[in-house]
Amino acid sequence: MTIEPAAARDTGYNFAYLNEQTKKMIRRALLKAVAIPGYQVPFASREMPMPYGWGTGGVQVTASVLTPEDVLKVIDQGADDTTNAVSIRKFFKRTAGVATTEATAEASVIQTRHRIPEQKLTSDQILVYQVPIPEPLRFLEPRETETRKMHAFEDYGLMHVKLYEDISQHGHIATTYAYPVKVEGRYVMDPSPTPKFDNPKMDNCAALQLFGAGREKRIYALPPFTSVVSLDFEDHPFEVQAWEHPCELCGARDTYLDEVIVDDEGGRMFVCSDTDYCASRRQAVSEAAE
Amino acid sequence: MTTPLLSVSGLHKSFGRTVACDDISFDLWPGEVLGIVGESGSGKTTLLRSIAGLIEPDAGEISYYSGEGALDVHDMSEPELRRLQRTEWAFVHQHPRDGLRLNVSAGANIGERLMANDWRHYDNIRSEALKWLAAVEIDEARIDDLPRTFSGGMQQRLQIARNLITSPRLVFMDEPTGGLDVSVQARLLDLIRSLVRDLGLSAIVVTHDLAVARLLSTRLMVMKDARVIEQGLTDQVLEDPQAAYSQLLVSSVLQV
Amino acid sequence: MGKQAVLSVDQVNKQFVLHTQNGAVLDVLRGVSLSVHGGEIAALCGPSGAGKSSLLKAVYGTYRIGGGRILVRHKGGTCDVAVAPPRQISALRRDTIGYVSQFLRVIPRVPAIDIVADPAIEQGMKPDAARARATELLTRLRIPDNLLHLSPLTFSGGEQQRVNIARAMAAPRPLMLFDEPTASLDPQNRATVLDMIADLRKSGTAILGIFHDPADRRTLAARDIDMAASNREEPAHA
């Protein structure tokens with residue numbers, strides 16, 4: 001087992017750092033967000049003991065849904081061992097004393113930055129996204145008053161203007177991350193800076209997906225089994241990235257790959273960005289060999 | 001042609017103590033181009049913006065007769081008004097920068113209204129945009145350039161293309177040729193007039209330039225101090241102005 | 001009586017109040033009455049200032065008259081230009097009254113052929129047919145081929161006037177008004193224009209015009225109307 005069991009928490013703080021009033025406020029925003037899939041709910045984002053851009057929105061959402069029985073996994077760009085992931089995991093170990101894990105299947109709450117795990121999520125899991133800019137229309141419309149009206153009136157022509165620009169400049173839709181989606185045929189939503197490779201995983205997902213933007217003070221959500229459709233043109237349909245080679249560590253051909261520089265002579269390799277998925281595939285191979 | 005396209009009655013608008021439009025009533029009929037002339041500050045632009053639903057008037061009714069019947073412009077819901085503004089109506093601003101998106105290409109500017117009306121086929125949008133670039137005499141090779149690289153006259157023509165691409169029935173124009181040099185102005189006038197004729201659209205054109213008004217409009221309204229002081233066919237108003245102010249206005253035009 | 005007149009001008013008054021010149025009042029038409037039948041040419045005569053052009057403009061609806069009636073047979077009915085709202089006057093001009101002014105006023109850049117074809121297209125003629133007709137008329141009026149696709153604003157005075165005439169002829173209407181149509185034309189073109197006007201008359205058009213040259217009026221077998229006599233001496237406010 002890879003679970004690091006629950007331990008005593010630092011009682012100088014309330015459970016999971018935030019006070020109960022704040023968590024109630026955030027849970028109310030979450031309930032509203034779940035009730036209106038894809039709609040950005042404003043909330044009174046708190047100062048957190050980390051800088052904006054380091055996942056303050058995601059951390060507040062995680063803090064509000066976490067129970068002492070939960071098993072927490074934190075990933076950054078798919079990896080459990082990067083600075084951001086490690087420090088957030090430590091933060092909750094200290095303030096909530098919850099069990100933690102690197103294995104996707106074992107986690108009940110997964111906080112993520114920029115990836116969705118390769119392994120299919122289940123209805124027992126909650127995926128919490130860290131979101132820098134929640135407004136998909138912001139690129140072309142700087143006025144918040146106007147973008148809120150555009151959402152209210154389903155006035156989304158502008159979203160396609162952005163995709164049009166992509167095709168006219170690059171010959172194809174060059175947006176590769178934060179690729180806009182339409183939720184339940186109603187709200188256009190920014191899936192946070194995940195690669196568009198992960199967009200299909202959001203559609204009809206069994207897990208509850210929650211999005212927190214700390215600096216922008218917005219929460220939105222996808223309840224389990226919500227329809228999530230990536231925007232496109234009839235003659236330029238949505239496509240995910242594909243690689244010429246499989247993962248050079250585990251041989252997977254259906255995962256999102258990172259390019260890793262291995263020496264000073266320009267040597268590089270392509271490996272799964274989801275470190276847990278890659279490791280468990282390799283372990284399964286070596287166990288089978290034994 | 002038994003009902004007007006637009007019917008304005010008793011329109012009033014003040015900004016604080018300043019009255020901008022006072023008890024203005026008129027009908028616009030299909031195929032008509034109505035010129036609104038008068039000096040700056042006479043309330044022309046406020047009138048235009050009130051009719052187009054961009055400003056809420058204090059009193060009065062504006063009825064637009066769409067295919068489905070009479071619509072009260074200031075009583076309809078905002079989504080309904082916005083739908084009208086991106087389908088059957090168009091608004092050409094005096095400054096092209098107010099009517100264009102400067103951070104996306106000319107093609108995207110022209111195509112936006114199509115995409116807002118659920119066009120989802122890139123090649124179709126693009127060929128329509130090319131057609132309209134040609135219609136407003138902009139080199140097709142400029143389709144992917146940003147409008148900020150265009151001259152003032154080109155920007156204004158781009159704005160017109162962007163507005164007319166959905167074949168609106170009613171076009172509002174606020175000083176469409178203001179700030180352009182005369183040769184560009186002539187080109188634009190020619191363009192607007194042929195579009196009006198070929199597409200059978202109606203227009204309300206605000207201008208302080210009587211020469212522009214004469215060439216573009218079938219009918220004129222003269223405004224002074226927030227009121228319409230005279231109206232009639234363009235040649236009636238310009239050749240036989242009745243009100244003292246209209247006579248002054250007409251006699252002040254420089255002849256070339 | 002026989003056929004109803006196409007145009008009946010009845011007791012028409014027109015005065016200009018010049019507000020910019022201390023309210024000076026000019027009486028240009030005083031109780032003018034006349035009528036023109038189909039197939040007839042009526043020529044307005046009299047010294048300059050007698051109100052000839054003013055009467056044409058009143059009939060065309062450009063000048064709004066102070067009293068009297070201007071009845072025009074229009075699409076089987078009768079329309080009083082004096083009280084017709086702008087829309088009706090527009091319809092009259094499209095279908096019933098044509099007017100050849102002394103000056104050509106057009107949008108710069110529009111080629112001559114389009115200027116001539118336009119009124120016919122507005123009447124519902126197919127653009128190609130209208131352009132063919134425009135070419136035919138302009139050729140008959142000796143506008144060189146290479147000018148057809150240029151804006152007439154660059155043309156000479158005589159050429160502009162011929163474009164103006166062609167424009168009116170391209171869409172003949174039952175009542176045609178001519179303001180000195182031959183004024184700046186050479187003898188050859190003058191003869192052509194007079195021929196054209198005579199053709200209009202033969203086809204039943206009612207024509208009211210100002211023809212300065214008595215020879216022109218004789219050629220056209222016009223009925224002279226003395227404007228000085230028509231303008232009865234009456235107090236301006238009557």
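The following questions and answers concern salt bridges and the contact between chains in a predicted model.

Local features need pLDDT of at least 70 and side-chain atom pairs count only at pLDDT 80 or more, while totals for chains, interfaces and linings use all residues. Residues are numbered from 1 along each chain as its sequence is written, chains are lettered from A and ligands numbered from 1 in the order in which they are written, and side-chain values use heavy atoms, leaving out hydrogens and water.

User: Which three residues supply 36% of the area that chain B buries against chain A?

Analyst: Chain B and chain A bury about 2,000 Å² between them, 57% of it on carbon and sulfur atoms; buried area is the accessible area (1.4 Å probe) that two parts lose on being put together, summed over both. On the side of chain B, three residues supply more than any other three, and these are B:Arg82, B:Arg120 and B:Tyr122.

User: How many salt bridges does the rule find across the interface of chain B and chain A?

Analyst: A salt bridge requires a side-chain nitrogen of Lys or Arg within 4 Å of a carboxyl oxygen of Asp or Glu. B:Arg86 and A:Asp155 meet this rule at 3.2 Å, N to O. For the interface of chain B and chain A, the number found is 5.

User: How many residues apart in sequence are the parts that B:Glu88 and B:Arg169 tie together?

Analyst: The side chains of B:Glu88 and B:Arg169 form a salt bridge at 3.3 Å, N to O. B:Glu88 lies in the loop between H2 and strand E6 (89-92) of chain B, and B:Arg169 in the loop between helix H6 (152-164) and strand E7 (170-174); helices (H or I, at least four residues) and strands (E, at least two) are DSSP runs, numbered from the N terminus. The pair therefore joins parts whose separation in sequence is 81 residues.

User: Is A:Arg115, the salt-bridge partner of A:Glu118, buried or exposed?

Analyst: The side chains of A:Glu118 and A:Arg115 meet in a salt bridge at 2.8 Å, N to O. Buried means under 20% relative accessible area, exposed over 50%, and partly exposed in between (1.4 Å probe, protein chains only). A:Glu118 counts as buried at 13%. With a relative accessible area of 1%, A:Arg115 is buried.

User: Which residue of chain C forms a salt bridge with B:Glu239?

Analyst: B:Glu239 counts as partly exposed at 26% relative accessibility, whereas its partner is buried at 18%. The pair crosses between chains, from helix H9 (residues 234-239) of chain B to helix H1 (residues 52-60) of chain C. The closest N and O atoms are 2.8 Å apart, and the partner is C:Lys57.
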